[in-house]
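Biologist: I would like to go through this model with you, beginning with its sheet and then turning to its charged pairs. Please tell me as well where caution is needed.

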Amino acid sequence: MAVDVRIFNLFKKIRVETDRTGLTQDALQQAFLDNLFYNQAKFPTLATQNDYYMALAYMVRDRLLHRWISTAAEYTAKGSRTVAYLSAEFLMGPHLGNNLINLGIYDDVKNAMEELGLDIDELQRQEEEPGLGNGGLGRLAACFLDSMATLEIPSLGYGIRYEFGIFDQEIIDGWQVEKTDKWLRFGNPWEIARPEWSVEVKFGGHTKHHLSDSGIDQVQWVPAKTVLGIPYDTPILGYHVNTCNTLRLWRAEAPESFDFEIFNRGDYYGAVNEKVVSENITKVLYPNDEQIQGKELRLQQQYFFTSCSLQDMLRIIKVQEIPLSRFHEKFTIQLNDTHPAVAVSELMRLLVDEHNMPWQEAWGITQNTFAYTNHTLMPEALERWPLEMFQKLLPRNLEIILEINKHFLQQVRKKFPNDDERVSRMSLIDEFGERFVRMANLACAGSYAINGVAGLHTELLKQDVLKDFYEFSPEKFRNKTNGVTPRRWMVLSNPGLTTLITDTIGDQWVKDLDELKKLETYADDAAFCQKWQTIKHNNKVKFAQLVKSTTDLTIDPDSMYDVQVKRIHEYKRQHLNILHVIALYLKLKANPNADVQPRTFIFGGKAAPGYHMAKLIIKLITSVGEVVNNDAAINDLIKVVYLPNFNVSNGQTVYPAADLSEQISTAGKEASGTGNMKFSLNGALTIGTLDGANVEIREEVGEENFFLFGLTTQQVAQLKQSGYRPEDYVRNNDVLFEVVSSIRDGFFSDGNGEMFHPLIDTLLGHDPYLVMADFQPYVDCQAEVNNVYKDQNNWTRMSILNAARCGKFSSDRSIREYSEDIWKVKPVPIKLLSIEDMKADILQ
């Protein structure tokens, strides 16, 4: 009731007309109350915490809109060259806190809310996180949008507005259980629908060919159905700049939602069938693609959002009165992996069929428009679509792909005569057995630039996965190591550390992360180190509270937090981690006085719903935790936590709390990783293999500040070629034999020896990710970690140096390199429009 009284008193002061752009504390408070009254239609007695959150969000959005409109006006007036970032995933995380940071009003808003008796942290917890991505790919896209806005790079993010994002994960009886992600159930205050810019997208049907009067083959696509794409725009503000770019997500809708003729015949379900079928396209993020229906839906999703986006770009150049022949000068389109690669054929279709452009001119524009980022070293992860299915859904696009392939392979044969095997490998069509359309090959053929996302990854692309394309067009290839935005992953996530750094070296580091190097001189400063330790401990206490509230498990903030949080996959080797935990547990059982530093092993991540082995790994981790956490004989020296539903919000608590970062994938399998960067920037030390960006992190922080183990990429290949026998490693290692036996005999499954047999059989049979081979080096390295952690002063010094030397891993650096080396896009500073400016524009 005290909150109600304070808010009621201020309600009396509400004006009908309010300043929507003011940034003083009084203006912010007044705007918040206006929005509670006029947008939420609530007064304090009836208002919920969600109402207060929504009112605050609308207040912040008003301030974004002034910058957003000013940005759009500037880009339109100048016809600025623009990056169109196409991604099937954007894992943005909650918007409120990030926008407050970028506006520079976080503390003012916090104080304004406190005066009203409201807690800013509680209000932020009301925001439903939009889970529009599976993991690293979507989170990278989000970091890049933040950096493009901060660097004042004209850009548009294009993707899909999934009604249901990645599932919410619950752990029930140790097993992952998927629950629907209803992120839109209370509305989304950050988006604005743009139905006036909707476009039509075709599916199925057939094509009609006829000759024009000038003898040119012209094609009409007669679709079986059309779907409307409705854009929803979200403003993306840069840090302490006026630039506010756009994330445009597309929702599918039927052209006619209700068929009265069918309804009048008494068939209600038939009357709404078209609506249901059309809206299914954007219903859910990435369906399980084990069934053919799931594969079809995924291809529909990819084509739908790429076609919508390209049509939108054509609308923009028309508004800006830019000739179609200069499309590639106005837009550079970055393909975030192969998911949007069908855009190559779709741009050709739009130019040739819809705008009657000659083929060669259209192909020249297309090849000078697209750039392709590859995110995988696993050939099975390179998307291929059955040709028969592709023809059924996209008959005209298949014809165009076949024509592109004909011309492309002519060039390949010219450069590599009498090399039919190479021609077959580089073909856009896989002709072996069932025919497939190879989307990575299409992306490579249709792009002017191809990049990997870490130094090692790019070299392995050249040597293996895309070797033929590198030898054909070496000038296209370059490396662009990933990065993360320090605004979310340090300033917002770790305010204590942010304050310490800013008080010590100033605040320029937030936009120039190389400034962190100045912290090196403080690594031996006792007072600074003490402050660093205190902040880390406070972050660990905060994480312990999260663990208690979600799992009811009590953990010790004074123990080492050993953390592996990421998507669950065999190549990421969460099972190697838990095998070490078992070894440590058995060691303590045999000798309770063993030299083991108190340690909390923290796991988190989601397994794909149809990936049984990944789900079994989760079950093994939770089963081991159930035994270890309830064994009084080990005196709480080690504990095992499985944090359910790992997402951006949880990540903001986990990364600042970690002491040790587990980056233990099989060498040559991880393209880059970005979690490794978030951990290091927050002062965690890394235990890892020479894989992905680990290589560059180790180079930056110094090998003496990195715990390295495991086979190299070359050693992995050599071992497999020589005939890898995982059972030999078990037979010759007593510790590993005991660990495997304890699992196989049902020690962690209530005597059920069958439960984990599929996992053990895989490890002993062929062990595709060399867990057995790397087990002992990993255990030895963990013993080194244990010894180093004893000396907390030295550990703190290493922690400071890790953060100080990781400035390279800012997404600002990544985007600056893309802009200068690939996109050739320059910053466009934004001046805020005044009311007078807008009046003048209207009068014109």
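Biologist: In what order do the six strands of the open sheet lie, and is the pairing parallel or antiparallel?

Modeller: This is a predicted model, and what follows should be read with that in mind. The edges of the sheet are strand S20 (638-643) and strand S23 (707-708), each of which pairs on one side only. Between these edges the other strands take their places, the pairing is parallel, and the order is S20-S19-S18-S21-S22-S23.

Biologist: Which residue in S22 is the bridge partner of Glu662?

Modeller: Strand S21 (residues 660-663) pairs with strand S22 (residues 685-688) in the parallel sense, over four bridges. Glu662 has its bridge partner in S22, and that partner is Ile687.

Biologist: Helix H33 packs on the sheet; what angle does its direction make with that of S22?

Modeller: Helix H33 covers residues 792-804 and touches S21, S22 and S23. Its direction and that of S22 make an angle of about 85°.

Biologist: Lys283 forms a salt bridge with Glu163; how far apart are the closest N and O atoms, and is Glu163 buried, partly exposed or exposed?

Modeller: The closest N and O atoms of Lys283 and Glu163 are 2.8 Å apart. The pair links distant parts of the chain, with Lys283 in the loop between helix H9 (268-279) and helix H10 (292-319), and Glu163 in the loop between strand S2 (155-160) and strand S3 (168-172). Lys283 has a relative accessible area of 24% and is partly exposed. For Glu163 the value is 31%, which lies between the 20% and 50% cut-offs, so Glu163 is partly exposed.

Biologist: Is Asp233, the salt-bridge partner of Arg194, buried or exposed?

Modeller: Arg194 and Asp233 form a salt bridge with their closest N and O atoms 3.1 Å apart. Asp233 lies in strand S9 (residues 225-237), 39 residues from Arg194 in the chain. Because its relative accessibility is 1%, and the cut-off is under 20%, Asp233 counts as buried.

Biologist: Which helices hold Arg422 and Asp468?

Modeller: The side chains of Arg422 and Asp468 meet in a salt bridge at 3.4 Å, N to O, and both residues are buried. They are 46 residues apart, and the helices that hold them are H16 for Arg422 and H19 for Asp468.

Biologist: Over which residues is the pLDDT below 50?

Modeller: The chain averages a pLDDT of 93, and 93% of the residues score at least 70. Where pLDDT is low, the predicted coordinates should not be read in detail. The stretch with pLDDT below 50 has 16 contacts in the model beyond near neighbours in sequence, and it covers residues 11-17.

Technical notes:
Residues numbered from 1 in each chain as written. Predicted model: local features only at pLDDT ≥ 70, side-chain atom pairs only at ≥ 80, totals over all residues. Heavy atoms only, no water. pLDDT = per-residue confidence, 0-100. Contact = heavy atoms within 4.5 Å. Pairing = 2+ DSSP bridges. Helix = DSSP H or I, 4+ residues; strand = E, 2+ residues; numbered from the N terminus. Axes fitted to C-alpha atoms, helices over the stretch in contact; angles between N-to-C directions. Salt bridge = Lys/Arg side-chain N within 4 Å of Asp/Glu carboxyl O. Buried < 20%, exposed > 50% of the residue type's maximum accessible area, 1.4 Å probe, protein only.
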